[in-house]
Amino acid sequence: MTNFRFKALETALSRTIPEVKMPSTKISDYFGINVFDHKKLKDYLSAEAFKTVLSSTNDGEPIPRETAEQIASAMKSWAMSKGATHYTHWFQPLTGSTAEKHDAFFEPTPDGAIERFSGDALAQQEPDASSFPSGGIRNTFEARGYTAWDPSSPAFIMGRTLCIPTVFVSYTGEALDYKAPLLKALNVLDKAAVDVCHYFDKSIEKVNASLGIEQEYFLVDLALFNARPDLYMTGRTLFGHMSAKGQQLEDHYFGSIPERVYAYMQDMETEALCLGIPLKTRHNEVAPSQFECAPIYEEINLAIDHNQLLMDLMDRVAKRHNFKVLLHEKPYAGLNGSGKHNNWSLITNTGKNLLSPGKTPKNNLMFLTFFVNTIKAVFEHADLLRASIASVNNDHRLGANEAPPAIISIFLGTQLNDVLDEIETSRISKKIKDDSMLWQGIPKIPQILQDNTDRNRTSPFAFTGNKFELRAVGSSANSADPMTILNLIVADQLKKFKSDVDKLIRKGEKKDVALLTVIKRYIKESKSIRFEGNGYSEDWEKEAAARGLNNFKTTPKALDVLISEKTQRLFDETGVYNRREAHARHEILLESFFKKLQIEARVIGELVNNTIIPAAINYQSKLVENVRGLKELGFDKEMYAAQMDVIGRIGEHVNFIKTNVEELINERKRANVMEDPRTRAIAYDEKVKTHFAPIRYHVDKLEQLIDDALWPLPKFRELLFIK
Ligand code: ADP
Ligand code: MG
């Protein structure tokens with residue numbers, strides 16, 4: 001093992017940078033060349049068939065069989081012209097990553113082999129998927145799961161395989177993936193938002209959610225990564241003393257990008273751009289070896305597919321550069337973790353961003369409607385939003401002093417805060433009502449908001465000019481989960497809004513007065529969720545508690561809300577999850593939580609017993625040898641007092657670690673026999689995980705005591721600064 005670290009260091013230090021070839025100097029020359037987009041489809045299909053595809057993409061109309069045949073044949077021709085030999089349905093099971101099962105186009109026939117791809121094969125596949133998590137939905141006796149084509153996300157080529165984005169559902173029609181519920185939620189949102197839009201503009205026919213995902217990640221040399229079993233088994237370092245230099249100088253953020261990393265970024269971006277992922281931004285992040293990339297925002301379903309694809313791609317391309325991408329939310333204790341800011345807004349088919357303040361008072365009433373309803377939705381369902389970002393990894397990050405806390409609150413910026421305060425306290429006077437002077441009752445909203453530049457980075461949910469930004473999503477998460485919830489709660493809120501406004505109109509109130517009256521009421525009701533101060537501070541924790549806002553610090557209890565009566569009513573009304581699905585998801589998330597902790601606990605045990613303690617004893621023996629020698633030579637005690645001190649301290653740390661690892665194992669055993677997943681998850685959280693930090697503390701002390709040449713694991717300074 002000892003040699004392994006130094007071998008890895010040698011390898012890491014002798015890397016050469018692979019040459020990166022760009023297909024062209026102009027990105028527009030190669031953007032999307034590996035995507036079977038509408039433009040290409042149009043070339044292959046009859047005008048009639050193409051129209052069917054368009055309406056299916058826009059309105060979710062099913063595609064008739066003959067058209068599917070035509071599309072399949074077109075896809076096959078195009079894919080084969082690009083060298084593809086296989087196709088796969090590409091889907092997002094609840095494991096968190098993406099899945100694919102490749103089939104060849106090739107088919108033997110009595111007259112010789114041919115390449116075939118039928119409409120049926122395009123529309124549906126039946127992966128033998130009995131080992132994907134289903135939370136009990138798919139018992140093995142009915143193990144069939146189906147993938148079904150999502151025509152709203154275009155097929156693409158990865159390597160030599162044509163990938164077709166699909167949903168993944170059980171034989172009985174229940175969702176086994178992330179995409180199916182998202183599509184349902186988007187549908188509900190579209191209807192609810194269009195209905196509300198019609199108060200202002202009858203010509204609006206569709207509202208799409210849009211999403212831009214900023215993706216943070218760490219890079220580490222592959223050889224060093226492979227010399228750290230904790231990293232490659234769990235995605236994070238379970239031990240490691242912080243290097244002398246960390247992020248305290250703040251010299252990494254937006255700094256110049258190291259050459260080797262730059263080559264990687266270019267390579268990865270080129271592939272992403274060929275796949276139609278519109279990557280636009282790259283920069284260094286706060287921690288050493290931490291980076292970020294961000295695309296231009298897109299329709300939300302596509303943006304999420306693209307982010308899932310991107311994470312996969314980042315990892316594949318990294319291998320060519322002998323890097324490993326760490327998408328874990330907290331790879332290094334003591335440094336910033338990684339998140340995935342979800343920039344979200346609502347855009348109509350007429351091209352209007354509903355969260356962008358307008359020029360005229362009428363437009364502003366429309367803006368206020370969607371703005372205030374979003375705030376109210378988050379206020380009503382803050383716990384559900386919290387649950388949607390909960391994971392064992394994200395528990396390390398939320399509230400860890402550099403990421404938003406686990407308390408959901410909303411930052412608006414001073415100007416908009418003032419606007420809402422003004423509306424709240426203003427009176428919709430009789431005069432205004434009678435003289436149609438309502439517009440004077442709406443405060444002016446400046447089009448360019450100051451706070452657009454001066455953003456409060458400590459807020460989990462912030463308004464940033466013309467969009468809301470959910471910052472609490474973890475870097476490795478599939479954004480579909482939080483985005484399903486966000487769109488769902490906003491949809492539900494808009495429906496309630498419509499019903500509240502219509503009630504007033506039926507009572508004889510003028511439309512605009514009715515709108516403003518309900519907005520005003522919502523502003524008042526949802527006030528406690530708004531917070532402009534420092535979300536990282538302890539004072540905020542206290543104040544939030546006084547305001548009645550929840551603070552679920554860890555996952556097992558944060559997930560309770562998924563099966564609460566209130567949530568179930570929301571799910572029932574919108575039809576996004578049925579009861580079985582909600583319970584299944586709850587169980588899957590709990591299981592994933594304790595299984596990951598179980599793996600971490602095992603790795604801690606193995607590393608401590610087989611790697612750390614032997615290294616410590618090895619060095620201790622050398623010191624004992626040395627002391628014995630000095631004694632023999634007749635030296636006084638003072639001459640080896642330092643050695644004696646270190647010998648003693650090593651012994652103390654080793655003892656502590658040994659006893660605590662045993663205790664950890666016992667707690668694990670106790671937890672493992674608990675039947676109920678929630679009870680087991682809580683036991684893992686409160687009884688098992690609590691041993692990690694004290695063990696780590698003593699291991700890290702040993703790292704500081706022991707001869708560097710004998711220390712077996714690459715150190716933080718090596719992981720973070722060698723590239
Ligand atoms: P930051 O300073 O937070 O990094 P950026 O201006 O770089 O902000 O934008 C972050 C992301 O927000 C990008 O992906 C961008 O395309 C996206 N974005 C911008 N406008 C919208 C919008 N109206 N809806 C959704 N996403 C948007
Ligand atoms: Mg941002």
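The radius of gyration used here is taken over C-alpha atoms, and the rule for a globule is 2.2 Å times the number of residues to the power 0.38. Keep that definition in mind as you begin the tour, and remember throughout that what you have open is a predicted model.

**Stop one: the whole chain**

Select the whole protein chain before turning to any part of it. With 723 residues, a compact globule would have a radius of gyration near 27 Å, and the protein chain has 29 Å, which agrees. If you look along the principal axes, the C-alpha atoms fill a box of roughly 105 × 80 × 55 Å. Colouring by secondary structure should bring out 26 helices and 18 strands. Of the 723 residues in the chain, 47% are buried. When contacts between residues at least 6 apart in sequence are considered, 75% of them join residues at least 24 apart.

**Stop two: helices 23 and 24**

Next, select residues 641-672, which form helix 23, together with residues 677-688, which form helix 24. The axes of these two helices come within 9 Å and cross at roughly 165°. Because an angle over 145 degrees counts as roughly antiparallel, helix 23 is roughly antiparallel to helix 24. The crossing of helix 23 with helix 24 is right-handed.

Now show the side chains where the two helices meet. On helix 23 the contact is made by Leu664, Glu667, Arg668, Arg670 and Ala671, while helix 24 contributes Arg680, Ala683, Tyr684, Lys687 and Val688. Sorted by character, the residues of this contact comprise five nonpolar and five charged, with no polar ones.

**Stop three: two residues with positive phi**

Before the last selections, a piece of background is helpful: most residues other than glycine have a negative phi.

Select Ser289, which you will find in the loop between strand 11 (279-284) and strand 12 (290-295). The phi of Ser289 is near 65°, a positive value in a residue other than glycine. Is Ser289 buried or exposed? Ser289 has 24 C-beta neighbours inside 10 Å, and since 20 or more are enough for a residue to be buried, Ser289 counts as buried.

Finally, move to Asn322, in the loop between helix 11 (300-320) and strand 14 (323-326). Although Asn322 is not a glycine, its phi is positive, at about 55°. Asn322 has 20 other C-beta atoms within 10 Å, and therefore Asn322 is buried.

Methods. Residues numbered from 1 in each chain as written. Chains lettered and ligands numbered in written order. Predicted model: local features only at pLDDT ≥ 70, side-chain atom pairs only at ≥ 80, totals over all residues. Axes fitted to C-alpha atoms, helices over the stretch in contact; angles between N-to-C directions. Helix = DSSP H or I, 4+ residues; strand = E, 2+ residues; numbered from the N terminus. Parallel < 35°, antiparallel > 145°, perpendicular 65-115°, else oblique. Left-handed = near helix turned anticlockwise from the far one by under 90°. Contact = placed C-beta atoms within 7 Å. Nonpolar A, V, L, I, M, F, W, Y, C, P; charged D, E, K, R; others polar. Buried ≥ 20, exposed ≤ 12 C-beta atoms within 10 Å, placed from the backbone.
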